[in-house]
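Q: I am new to this structure. Please take a close look at one part of the core, then connect that part to the rest of the chain.

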Amino acid sequence: MLTTHIIIVNYNSGDWLQRSIASALAHSDASISVVDNDSSDLSMENAQRNIASERVEWIYNNENVGFAAANNQVLKSVDHDYVVLMNPDCELTEGALRQIIQAFSDNDAIGIASCRILNEDGSLQKTCRRRFPTPWSALVRMLMLNRIFPNSAMFADFDYGENVEPSESPQAVEAISGAFMVVKRDALTEVGFLDEGYFMHCEDLDWCKRFALAGLQVGFVPAAEVVHAKGVSTKSRPLGVMWTLHKGMIRFFDKFYHDDYAWPVRYSIKLGILLSFSAKAVGSLIKSGLGVFNRS
């Protein structure tokens with residue numbers, strides 16, 4: 001009998017943590033590890049008090065070690081056939097995990113997989129299936145050419161788009177979202193754990209890239225779905241999260257594309273990433289300031 005283990009890394013997720021654990025208990029037979037990265041909002045304590053199940057293991061870190069490192073704490077010791085990395089602001093739905101594991105059984109080439117990830121209103125999160133970022137696609141997104149020419153393959157950015165129906169068969173994609181990932185243990189042994197050089201963001205892209213380089217498919221199962229509130233743990237520190245995202249982009253580029261480009265191109269790409277962060281940071285500060293002004 002195939003076994004599954006779910007890892008949920010928590011950081012100030014409020015009541016969502018209980019919702020996430022409850023959905024995992026209700027819609028799977030998996031054992032569950034909940035790793036807390038030194039939360040300050042009592043989300044972990046409240047969840048442990050209100051959820052009594054021998055299937056749940058509670059792990060407390062005395063500092064925020066980041067998403068990759070916290071997941072690796074469990075990944076390094078788990079011996080189940082499949083491991084699920086699930087955000088604390090995700091809800092598992094009936095049959096989703098079963099359908100994803102069936103896709104693994106039907107296709108031995110799949111090493112890691114996910115499914116349709118929905119917003120709370122039922123709309124699709126486009127980032128649930130993505131292409132690997134390249135200098136060209138990054139430039140397209142920065143200049144918003146994908147919006148100006150939405151039907152042009154030349155100006156496509158990282159996302160595949162929203163044109164995926166639940167009735168479609170499992171498909172191979174370049175990358176999936178770290179909000180919900182299912183990994184085959186045998187493949188994990190071959191590819192290795194998450195890169196702890198990423199604090200949060202881009203470690204999922206890195207992992208998918210390494211699975212692809214190992215000759216394993218990244219699977220996407222449209223028939224399965226989870227709900228993701230998106231940003232519950234990060235809304236209190238938007239600038240810090242924004243910086244880790246852009247820092248992760250630089251790490252991803254250096255790790256996989258450094259040798260493909262001459263130094264002027266490399267430095268231009270990094271400068272573009274830093275300018276993108278600066279522009280978004282200023283925009284966030286202005287928006288925050290306007291919000292305070294409107295409330296006063």
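A: Start at I100. Leaving aside residues up to four places away in sequence, I100 touches A113, S114, C115, F180, V182, V221 and A224. This is a predicted model. I100 belongs to the largest nonpolar core, which has 80 residues. I100 is also one of the residues with the most contacts inside that core, along with I21, F180 and W207. F180 therefore appears twice: it touches I100, and it is on that list of residues with the most core contacts.

Now widen the view to the whole chain. The chain has 296 residues, and buried residues make up 51% of them. Its secondary structure comes to 10 helices and 11 strands. Take the contacts between residues at least 6 apart in sequence: 81% of these join residues at least 24 apart. The accessible surface comes to about 14500 Å². Carbon and sulfur atoms account for 54% of that surface.

Next, the cysteines. C115 is among the residues that I100 touches. C115 also holds the closest cysteine sulfur to that of C90. The two sulfurs are 8.6 Å apart, which is too far for a bond. A disulfide needs sulfur atoms within 2.5 Å. The count of disulfides comes to 0. C90 is buried, because its relative accessibility is 0% and the cut-off for buried is under 20%. C208 also has 0% relative accessibility, so C208 counts as buried.

Then come the aromatic rings. A search of the whole structure finds 6 aromatic pairs. Consider F253 and Y257: their ring centres are 6.2 Å apart and their planes meet at 40°, so this pair is tilted. An angle under 30 degrees would count as stacked, and one over 60 as edge-to-face. Both residues are out of the open. F253 is buried at 4% relative accessibility, and Y257 is buried with a relative accessible area of 10%. Ring pairs link F253 and Y257 with F132, F252 and F256 into a cluster.

F132 leads to another kind of contact. The charged end of K209 sits over the ring of F132, 4.6 Å from the ring centre. A similar arrangement involves W16. There, the charged end of R19 sits over the ring, 3.8 Å from its centre.

To return to the starting point: I100 touches F180, and both are among the residues with the most contacts inside the 80-residue core.

Notes: Residues are numbered from 1 along each chain as its sequence is written. This is a predicted model: local features need pLDDT of at least 70, side-chain atom pairs count only at pLDDT 80 or more; totals for chains, interfaces and linings use all residues. Side-chain values use heavy atoms; hydrogens and water are left out. Rings of Phe, Tyr and Trp (its six-membered ring) pair if their centres lie within 6.5 Å; planes under 30 degrees apart count as stacked, over 60 as edge-to-face and the rest as tilted. Buried means under 20% relative accessible area, exposed over 50%, partly exposed in between (1.4 Å probe, protein chains only). A charge sits over a ring if NZ of Lys or CZ of Arg is within 6 Å of the ring centre and within 35 degrees of the ring normal. A nonpolar core is a set of buried Ala, Val, Leu, Ile, Met, Phe, Trp, Tyr and Cys residues joined through side-chain atoms within 4.5 Å. Contact means heavy atoms within 4.5 Å. Helices (H or I, at least four residues) and strands (E, at least two) are DSSP runs, numbered from the N terminus. Accessible areas come from the Shrake-Rupley method with a 1.4 Å probe; for residues, only the protein chains shown count as cover.
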